[in-house]
Amino acid sequence: MYRESVRFTNFHVDPSCSPTRAAILTGQYSSRSGVWHTIGGRSLLQKDKVTMGDVFKKSGYKTGYFGKWHLGENYPFRPKDRGFQKTVVHGGGASSIHPDYWGNDYFDDVYRSNGVFERYKGYSNTVWFNEALKFIKKNQDEPFFAYIATNIPHAPLIVKEKYSNPYKGKVPERIANYYGMLSKFDEDLGIFFSEMDRLKLKKNTIVIFMTDNGPGPWFGGIILDEDLFVKEGYNAGMRGGKIRGYEGAHRVPFFLRWPAAGIGGGVDVDKLTAHFDILPTLIDLAGLEEPEDVEFDGVSLRPLLENPDTDWPERTLFVHNQRVQYAEKYKDFQVLAEEWRLEGREQRELYQIREDPGQKNNVAERHSDVVEALTKKYEEWWDDVSTDFDKYNYIIIGSERENPSTIYAHDALRGDDGIVWAVNVEKEGLYEFSTYRWPIESGRKIVQNQGPDFRHNLHPTSTIHSDRYSLESGNSGEISSLSTAHLTIGNLGKEVEVTNSMTSATFLVHLKPGKTALKAWFSGNRNLRANYIKIERIGPAGSQQQVENYQAVHPDELLRH
């Protein structure tokens, strides 16, 4: 593919997946969309943002999205709500873990097809390419846009041994599985390209290949030492990795080819470029209708694609790692300039990136003036992008577009006293809330804990992603002494007795329209959160007095005491 593409060798993204996806789709810094984490309500892409799907759809293209979405499970955040007409996706940030479908293990799994669960035959990565091909074949005589976001090689590292065996004994088993997944990806991609050739679509199809962040050092393709240098695995000589900072977190491959326009030929471009440049570039290349009242942070890369030696203005770009509920100024940031990298860690570090691409020699003391100038640029950038940082992205309930809704702990806000969902009641009425500890389709009882039939393939990231089942599962086979289910929405608090046979607890509440806060948990010998809530508007509200008893509450009242 490199021989047929233009390759950008100085291309950057966010240090983790949801933020990168937000920037690709909007052409803006991810933080402008309220996306700076992968859980905690901070992976939901603001509903009023114009997306890449919207732009292509408005310009007459058929639009499809396949694989990993990770920007919201519910209306108005689903891919089907954001301009994509055909969607096949798994749940959450990785297949086979919360909030993906219970029992998924990468083989013959259940995914959402335009929001409806459906079982698919085959390995997960193969499913995405196969479904994309079906979509392309159906629309090959019309303009089409297919976004294929594979879940591999993200953990859990599951692949048939025939792909991982060639690497075993040469690298640690974890990395052998990782490389095996890459081999499987290569196979699927090759079959996909061959079919595109057979359909005679290669010449006039723009193809982009990239990744959403560097390899994960705790469950992915590298192992880092205490100074964040790679000691095992491959990261192109870069320091750091996903979330951990340095170039290894955010500098990624980016290939683009378009034979009909003469874009290709194994050409390298070393200019400073980034993920939010993609949408402006595609608008330019494909002649799409530009969205109104949208200011892109990115620019079109067309001049560099057509002539890599063209004059290109110097840029300063910014990356930060904000895996917290409320973004913090000066937390884990990088300032990227053509000659410099400023690392905002415990202390400022400065690297002359062209002379020192592995970031081994900190020259901050020798160039304090550069540190000061780049820090000032970061502060100006922060002031620009942080204006909405205290706002929440609300899941809409009671809408005709999704009723009932199942909401997940994955997308709840994190507070000192548990998790809180920010929800927006679209329509007045009587609502039924059913609260679960386990996925609805699992059939597990509220009081059950992790046992021998626990079928999810968890990976050890609970310190990073606090949405894993294992956090509150108790000892294997144990039964929790849970006696009461609790639900708080707005100013109303309700309780239901829990019995050993219950899979969920049900509450009826009369609600008025508007934004509010929702909390649910189980109590007994300890408090355990409700990880899933099924919400359905089942009819009109009752008496006026019942409606007036309810008053909305801002999420901050439950989160910030």
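Begin by selecting Ser-386, which in this predicted model sits in the loop that joins helix H9 (368–385) to strand E18 (395–397). Although it belongs to a loop, Ser-386 is buried, because its relative accessible area of 18% falls under the 20% that marks a buried residue. Keep Ser-386 selected and add Asn-114, which lies 272 residues away along the chain; a distance drawn between the two C-alpha atoms should read 33 Å.

Next, select helix H1 (17–26) and look at how it is enclosed. Ten of its ten residues are buried, so that the helix as a whole is mostly covered; among them are Cys-17, Pro-19, Arg-21, Ile-24 and Leu-25. To see what covers H1, display helix H2, strand E3 (62–68), strand E7, strand E8 (207–210) and helix H7, against which the buried residues of H1 pack. Just after the end of H1 comes Gly-27, where the backbone has a positive phi, near 75 degrees.

From H1, widen the selection to the largest nonpolar core, which has 38 residues and in which Phe-8, Phe-11, Leu-25, Met-52, Tyr-147 and Ile-278 have the most contacts. The elements that give two or more residues to this core are strand E1 (6–8), H1, H2 (52–58), E7 (144–149), strand E11 (254–257), H7 (278–286) and helix H8 (302–306). Of these, H7 gives the most, with five residues.

Within this core, centre the view on Tyr-147. Which residues does Tyr-147 touch, if those up to four places away in sequence are not counted? They are Ile-24, Leu-25, Met-52, Gly-64, Tyr-65, Phe-66 and Phe-84. Apart from this core lies another, of 36 residues, and selecting Tyr-111, Tyr-123, Ile-136 and Val-207 will show some of its members.

Finally, display helix H3 (residues 124–138) together with helix H5 (residues 173–198), which pack at an angle of about 10 degrees with their axes 9 Å apart. The two helices are therefore roughly parallel to each other, and H3 passes H5 in a right-handed crossing. On the H3 side, the contact is made by Asn-125, Thr-126, Phe-129, Ala-132, Leu-133, Ile-136 and Lys-137, whereas H5 contributes Lys-184, Phe-185, Asp-188, Leu-189, Phe-192, Glu-195, Met-196 and Arg-198. Colouring this contact by class will bring out eight nonpolar, two polar and five charged residues. Ile-136 is a useful place to stop, since this residue of H3 takes part in the contact with H5 and also belongs to the core of 36 residues.

Key: Residues numbered from 1 in each chain as written. Predicted model: local features only at pLDDT ≥ 70, side-chain atom pairs only at ≥ 80, totals over all residues. Heavy atoms only, no water. Core = buried A, V, L, I, M, F, W, Y, C linked by side-chain atoms within 4.5 Å. Buried < 20%, exposed > 50% of the residue type's maximum accessible area, 1.4 Å probe, protein only. Helix = DSSP H or I, 4+ residues; strand = E, 2+ residues; numbered from the N terminus. Contact = heavy atoms within 4.5 Å. Axes fitted to C-alpha atoms, helices over the stretch in contact; angles between N-to-C directions. Parallel < 35°, antiparallel > 145°, perpendicular 65-115°, else oblique. Left-handed = near helix turned anticlockwise from the far one by under 90°. Nonpolar A, V, L, I, M, F, W, Y, C, P; charged D, E, K, R; others polar.
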